[in-house]
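Me: I am new to this structure and would like to learn how to read it. Could we go through it feature by feature?

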Amino acid sequence: MITWINGAFGSGKSTLAAGLHQALPGSVVADPEEIGDLLRRTLTGHPGKLRDYQDYPAWRRLTTAYISEIAAHTSGHVLVPMTVLNPTYAAEVFTPLHRSPGLVHLVLHVEPDELKARIDASEEFPGDETRSEAVRAYRRRRAEDHAAASAWMHADGHVIDTSALPAHAVLQAALSRISPATP
């Protein structure tokens with residue numbers, strides 16, 4: 001079983017993945033951002049380098065292979081906290097994942113004002129305000145992209161509104177969505 005946790009930056013994907021990992025014995029967290037980091041490092045200085053690693057067809061193919069292989073190897077629950085905003089890219093990744101062990105697509109929704117407050121309060125690098133602000137600025141820019149993508153995401157996935165829910169309630173909502181599909 002694969003649970004893809006999608007949503008805006010600051011919606012609680014990593015927190016939910018950590019909670020599910022604790023609640024589901026034998027589960028693993030597989031983060032496709034590591035594949036993106038690998039592509040960035042490999043292509044540094046290359047004229048074919050792209051700004052967003054999800055724009056690389058290789059990222060989408062490698063992500064699908066990575067998640068599928070981890071699921072086959074562990075025979076357990078694979079938790080994937082990753083924002084994918086482009087519906088074409090999501091289809092390229094999700095379609096093959098639906099075939100093998102199964103896929104549940106959770107979409108964490110946050111109302112815009114709450115999302116802004118979460119982003120403004122975040123401190124990714126304690127003690128390094130410059131780096132933390134760079135992350136906040138990136139998240140603010142991407143919030144508009146997420147709002148534009150919310151229609152397809154809400155239609156494709158199981159939506160959990162995290163705007164007013166504490167982390168334990170989000171975890172329970174997610175568990176209720178994936179439990180019936182858990183082998």
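**Strand β1 and its surroundings**

Reply: Start with β1: six of its six residues are buried (under 20% relative accessible area with a 1.4 Å probe, protein chains only; exposed is over 50%, partly exposed in between), so this strand is largely enclosed by the rest of the structure. This is a predicted model, in which local features need pLDDT of at least 70 and side-chain atom pairs count only at pLDDT 80 or more, while totals for chains, interfaces and linings use all residues. Residues are numbered from 1 along each chain as its sequence is written, and side-chain values use heavy atoms, leaving out hydrogens and water. Helices (H or I, at least four residues) and strands (E, at least two) are DSSP runs, numbered from the N terminus.

Me: Which residues point one way from β1, and which the other way?

Reply: In a regular strand the side chains alternate between the two faces of the sheet. Here Ile2, Trp4 and Asn6 point one way, Thr3, Ile5 and Gly7 point the other way, and all are buried.

Me: What joins β1 to β3, and how many bridges pair it with β4?

Reply: Two strands pair if DSSP finds at least two bridges between them. β1 and β3 run parallel and are joined by four bridges; one partner pair is Thr3 with Leu79 of β3. With β4, β1 pairs in the parallel sense over six bridges, and Ile2 has Leu103 of β4 as its bridge partner.

Me: Which residues have the most contacts inside the largest nonpolar core?

Reply: A nonpolar core is a set of buried Ala, Val, Leu, Ile, Met, Phe, Trp, Tyr and Cys residues joined through side-chain atoms within 4.5 Å. The largest has 26 residues, and Ile2, Trp4, Trp59 and Ile67 have the most contacts inside it. α4 gives the most to this core, with five residues. Apart from it lies another core of 16 residues, among them Met1, Ile5, Ile160 and Ile178.

Me: Which residues of α4 are buried, and what covers them?

Reply: The buried ones are Tyr89, Ala90, Val93, Phe94 and Leu97. Their cover (contact means heavy atoms within 4.5 Å) includes β1, α3, β4 and α6.

Me: Where does α4 bend?

Reply: A bend at a residue is the angle between axes fitted to the seven residues ending there and the seven starting there. α4 bends by about 25 degrees at Val93, and the proline Pro96 follows within four residues.
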